[in-house]
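I opened this notebook to record what I looked up in one model: its cores, its pockets and two residues with unusual backbone angles. The entries follow the order in which I looked.

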Amino acid sequence: MQRIENINAATMNDDQGYGLIHDATVIINKGKIEFVGAAFDAPATPTAEVIDGNGGLLTPGLIDCHTHLVWAGSRANEFAQRLHGASYQEIAEQGGGIKSTVKSTREASQEELLKLALERAETLMSQGVTTVEVKSGYGLDLENERKQLTVARQLAEQLPVNIKTTLLAAHAVPPEFKDNADGYIDEIIQNILPTLANEGLVDAVDAFCESIGFSPAQTEKVFEAAKKLRLPIKLHAEQITNQQGAKLAAEYQALSADHLEQLDEDGVKAMAENGTVAVLLPGAFYFLRDTQKPPVELLRRHGVPMAIATDANPGSSPIHNLPLMLQMAATFFHMTPEECLRGVTVNAAKALGEQKRGVIAEGCYADLALWNCQDAAELTYQFGVNPLKTLWFNGVAHDRVSKPWSAH
Ligand SMILES: [Zn+2]
């Protein structure tokens, strides 16, 4: 049993805001939160280990609810080529873009992929992240999608981090199905999805519904197959064009629709009605030099919960820094510091269907982050510094040193 004292707790456990408790005490027992409240209300725990928070801020452990963390190969050369004047077309003709990541990921061994993914996960953890969603989508066939999701599961075996896996086989059309996207969708719904779901590798199912991805009709086939397997769905929607993907996803009770720069009010209303979370990805917005912002004011007005994630991936968001996303969401999207912190805690948990994480509340898992901060707004306001002091995973505390988590 542990007793954390002398802290301000941003519990995130109210309808809006931080749910702040000044001079709080949190009691952890068997990996769960047994008590959270004002110090003067806390029950006596004579045998508990007492942790002095030194007046710091305690928040739920941060949740990165949208990443593509498992891949091989670098796209730095393409980045450089583009800045030297090459067009997307020229790069694509040379086998660049997502094709190059698929090729490298297919060629990499499971061990190589794991080594790369461990480093990325540890980087996220060193900034206060206790739960990470990891998508497949660079394998694009049964064997390689399995390899990516297996590596994602291994992260949770080798590190204390909590991992949620998402099958994103419908990310792009693989070379074997060139000019036959419908044939590939059939392969997903008849083979890849049911096989990997049966192997316990799939917590949710995602697709890329876009002019350069899959059509709404193809996306709906994937949703139908997921529904039959009772798997929750998510969707990459309305990033470049408005395909009414978010509305379609909401009608299938999607956990989340993600990106949403082109989302209209119809889509917002459908998300509000179905409790679908809007996952906003300011890193991709920034890296792609997008100018169309997601409709934050509409989402706010209709009460759609907003989450924020890194979208960590080699093509459009080579970013492994969740706190930086808070700063970008505030600066680019005009989200408030309260909305930003809710976006990586309580609302990010909702986007993953996690009922007992993302808030500091009795009965929830003791995933907690202690920060050297006086004011919760500091987590959104500043960047390039790391005020994290201690991180708890299921009640086990890890003080932040260079790389304290690793078993490898
Ligand atoms: Zn993504």
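Entry 1, contacts. Before listing neighbours I fixed the term: I count two residues as touching when they have heavy atoms within 4.5 Å of each other. I also kept in mind that the model is predicted.

With that cut-off I looked up His-259, and, leaving aside residues up to four places away in sequence, I found that His-259 touches His-236, Ala-237, Gln-239, Val-279, Leu-280, Leu-281, Ala-284, Pro-294 and Asp-311. His-259 belongs to strand 10, which covers residues 256–259.

Entry 2, backbone angles. I noted for reference that most residues other than glycine have a negative phi. His-259 has a positive phi of about 90 degrees although it is not a glycine, and Asp-23, which is not a glycine either, has a positive phi of about 45 degrees. Asp-23 sits in strand 2, residues 20–29.

I then asked whether His-259 is buried or exposed. Its relative accessible area is 2%, which is under the 20% limit, so I entered His-259 as buried. For Asp-23 the relative accessible area is 48%, so I entered Asp-23 as partly exposed.

Entry 3, nonpolar cores. The largest nonpolar core has 101 residues, and those with the most contacts inside it are Leu-155, Leu-260, Met-271 and Met-335. I checked which domains feed this core, and found that domain 1 (2–60 + 359–399) and domain 2 (62–351) each give at least three residues to it. A second core, separate from this one, has 15 residues, among them Ala-24, Val-26, Ala-366 and Leu-368.

I followed Met-335 further: not counting residues up to four places away in sequence, Met-335 touches Leu-280, Val-296, Arg-300, Met-306, Ile-308, Ala-329, Ala-330 and Cys-340. Leu-280 is thus listed both here and among the contacts of His-259.

Entry 4, the largest pocket. I read its volume as about 1,600 Å³. The lining has 47 residues, and Arg-75, Gly-97, Ile-98, Lys-99 and Ile-212 are those that lie nearest the centre. The elements giving two or more residues to this lining are helix 1 (76–83), helix 2 (88–93) and helix 3 (98–107), and helix 3 gives the most, with five residues. Sorted by class, the lining comprises 22 nonpolar, 16 polar and nine charged residues.

I also wanted to know which residues of helix 3 are buried. They are Ser-100, Thr-101, Val-102 and Thr-105, and the buried residues of helix 3 pack against helix 1, helix 4 (110–125) and helix 5 (142–158).

Entry 5, the second largest pocket. Its volume is about 370 Å³, and its lining has 18 residues, of which Asp-15, Gln-16, Glu-339, Arg-342 and Asn-347 lie nearest the centre. Helix 11 (296–301), helix 13 (337–343) and helix 14 (346–351) each supply at least two of the lining residues. By class I noted six nonpolar, five polar and seven charged residues.

Last, I asked where the second largest pocket lies relative to domain 1 and domain 2. Both domain 1 (2–60 + 359–399) and domain 2 (62–351) give residues to its lining, so I recorded the second largest pocket as lying between them.

Definitions and conventions. Residues are numbered from 1 along each chain as its sequence is written. This is a predicted model: local features need pLDDT of at least 70, side-chain atom pairs count only at pLDDT 80 or more; totals for chains, interfaces and linings use all residues. Side-chain values use heavy atoms; hydrogens and water are left out. A nonpolar core is a set of buried Ala, Val, Leu, Ile, Met, Phe, Trp, Tyr and Cys residues joined through side-chain atoms within 4.5 Å. Buried means under 20% relative accessible area, exposed over 50%, partly exposed in between (1.4 Å probe, protein chains only). Domain bounds come from an automatic or database domain assignment. On a 1 Å grid over the protein atoms alone, a cavity is a set of points where a 1.4 Å probe fits but cannot get out, and a pocket is an open set with protein on both sides within 12 Å along at least five of seven lines; lining residues have an atom within 4 Å of a point. Grid points are joined across faces, edges and corners, and a volume is the space filled by probe spheres set on the points. Helices (H or I, at least four residues) and strands (E, at least two) are DSSP runs, numbered from the N terminus. Ala, Val, Leu, Ile, Met, Phe, Trp, Tyr, Cys and Pro count as nonpolar, Asp, Glu, Lys and Arg as charged, and the others, Gly among them, as polar.
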